[in-house]
There are 2 protein chains.
Amino acid sequence: MAIRDGAFLQIGEVAERTGVTQRTLRFYEEKGLLKPPSRMDGGFRLYSEEDVQRVEQIRRLQKLLGMSLAEIKDLVEAEELKTQIRAGWSREAGSDEKRSRLMETIAITEKQHAIIREKAEQLQHMQHELEGKLETYRGWLAQLEAAPAG
Amino acid sequence: MAIRDGAFLQIGEVAERTGVTQRTLRFYEEKGLLKPPSRMDGGFRLYSEEDVQRVEQIRRLQKLLGMSLAEIKDLVEAEELKTQIRAGWSREAGSDEKRSRLMETIAITEKQHAIIREKAEQLQHMQHELEGKLETYRGWLAQLEAAPAG
DNA sequence: GCGTCACCTTACGCGCACGTCAAGGTGAGA
DNA sequence: TCTCACCTTGACGTGCGCGTAAGGTGACGC
């Protein structure tokens with residue numbers, strides 16, 4: 001039976017939910033894409049829902065953007081930073097530090113945004129190109145239907 | 001000195017123009033992504049402008065969509081089919097065959113379109129997500145600027 | 001106690017997409 | 001004819017992203 005200690009998941013469940021293998025989860029951890037999860041006494045990994053979302057994000061970045069894990073690592077490290085900021089947001093040190101951290105976060109997010117925006121634009125370009133081709137082909141087809149002579 | 005026999009290019013020039021290595025060009029040929037180019041007497045490969053465009057398309061599909069060369073091969077084979085259709089368009093057999101080929105081409109193009117459309121949509125989703133985050137962060141920053149007390 | 005099951009680490013293996021020599025042939029000018 | 005840049009075909013090497021045992025641990029059920 002699974003453990004369901006509140007919101008913690010074992011590696012098998014995380015694998016099932018995210019569609020990756022356990023090996024992949026350990027691999028991501030090894031490569032620094034996932035922070036080392038907490039453990040049970042026996043050494044079993046205990047993942048949070050946040051970890052699950054991280055995995056899903058990694059997969060999206062892999063499949064949508066074709067990014068390498070090294071590149072993705074940079075991005076998720078940035079995400080980590082954001083989480084840290086939110087965590088210590090209210091109770092922490094001076095507002096100067098908050099401000100500088102926040103600006104860093106914004107800079108990182110803007111970078112991510114720029115990357116995605118560019119790809120999205122290129123994809124839309126390809127999309128429109130294909131739509132044009134399709135119209136052409138359909139035009140030809142219509143001509144054929146209209147003039148059945150060889 | 002390069003040869004410039006009309007529109008034919010040696011592998012080195014193609015490499016330079018497309019930004020891939022000569023090895024990569026031979027590799028693509030080996031894998032069936034590029035049709036075997038014509039050759040000089042001595043065996044040197046002679047590429048056409050069309051080949052150059054094919055290479056550029058392959059690279060786009062790789063980088064934008066993160067597709068494997070095997071997947072790309074399917075797509076460019078479809079492109080090849082289209083080219084064949086256009087080549088033998090007027091002088092070839094019955095209009096029935098034309099029609100069926102054309103419909104096949106349309107089906108292939110629609111598939112490509114569907115793939116790209118989906119990716120483009122997902123990317124736009126991510127893009128909007130990031131834009132939302134950015135607004136949030138900028139709001140926080142504004143709050144900080146307004147209330148300088150720790 | 002014993003089996004089963006889900007997990008653990010360690011470590012070698014694999015497919016992909018090329019990189020990188022090595023050894024030699026080709027083409028055109030001095 | 002010589003030279004030299006450019007090309008040829010192997011064939012082995014490399015980095016990435018995992019796959020796949022092999023051997024062991026801890027908790028549960030009988």
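**Two protein chains and two DNA strands**

Trainee: Which element gives the most to the surface near DNA strand D?

Mentor: H2(A) gives the most to the surface near DNA strand D, with four residues, where "near" asks for a heavy atom of the residue within 4 Å of the strand, and where helices (H or I, at least four residues) and strands (E, at least two) are DSSP runs numbered from the N terminus. This is a predicted model, in which local features need pLDDT of at least 70 and side-chain atom pairs count only at pLDDT 80 or more, while totals for chains, interfaces and linings use all residues. Residues are numbered from 1 along each chain as its sequence is written, chains are lettered from A and ligands numbered from 1 in the order written, and side-chain values use heavy atoms, without hydrogens or water.

Trainee: Okay, and which residues come nearest to strand D?

Mentor: Of the 20 residues around DNA strand D, the nearest are A:Thr21, A:Gln62, A:Leu69, B:Gln10 and B:Arg26. Of the atoms of DNA strand D that come within 4 Å of the protein, 69% belong to sugar and phosphate.

Trainee: How far are A:Thr21 and B:Gly12 from a phosphate oxygen there?

Mentor: An N or O atom in the side chain of A:Thr21 is 2.7 Å from a phosphate oxygen of DNA strand D, and for B:Gly12 a polar backbone atom is 2.9 Å from one. The elements that give two or more residues to this surface are H2 and helix H3 (49-65) of chain A, together with helix H1 (11-18) and helix H2 (22-30) of chain B.

Trainee: Switching to strand C, which residues are closest?

Mentor: DNA strand C is surrounded by 22 residues, and the closest are A:Arg26, A:Arg45, B:Thr21, B:Tyr28 and B:Leu69. A side-chain N or O atom of B:Tyr28 is 2.9 Å from a phosphate oxygen of DNA strand C, and a polar side-chain atom of A:Arg39 lies 3.1 Å from one.

Trainee: What gives the largest share of that surface, and what is its make-up by class?

Mentor: The largest share near DNA strand C, four residues, comes from H2(B). By class the surface has seven nonpolar, nine polar and six charged residues.

Trainee: Now the protein chains: how many residues of B are in contact with A, and how much area is buried?

Mentor: 40 residues of chain B are in contact with 41 of chain A, contact meaning heavy atoms within 4.5 Å. The area buried between chain B and chain A is about 4300 Å², with 71% from carbon and sulfur atoms; buried area is the accessible area (1.4 Å probe) that two parts lose on being put together, summed over both. B:Leu64, B:Leu123 and B:Tyr137 supply 16% of the area that chain B buries against chain A, more than any other three residues.

Trainee: How many salt bridges are there between chain B and chain A?

Mentor: The count is four, a salt bridge being a side-chain nitrogen of Lys or Arg within 4 Å of a carboxyl oxygen of Asp or Glu. In one of them, B:Arg99 pairs with A:Glu145, the closest N and O atoms being 2.8 Å apart. On the side of chain B that touches chain A, the elements giving two or more residues are H3, helix H4 (69-87) and helix H5 (95-146) of chain B, and H5(B) gives the most, with 30 residues.

Trainee: Last one: is A:Gly19 buried or exposed?

Mentor: A:Gly19 counts as exposed because its relative accessibility is 62%, where buried means under 20%, exposed over 50% and partly exposed in between (1.4 Å probe, protein chains only). A:Gly19 lies in the loop between helix H1 (11-18) and helix H2 (22-30) of chain A.

Note on methods
A polar contact is a pair of N or O atoms within 3.5 Å; within protein, one must be able to donate a hydrogen and the other to accept it, and residues adjacent in sequence count only if both atoms are side-chain atoms. Ala, Val, Leu, Ile, Met, Phe, Trp, Tyr, Cys and Pro count as nonpolar, Asp, Glu, Lys and Arg as charged, and the others, Gly among them, as polar.
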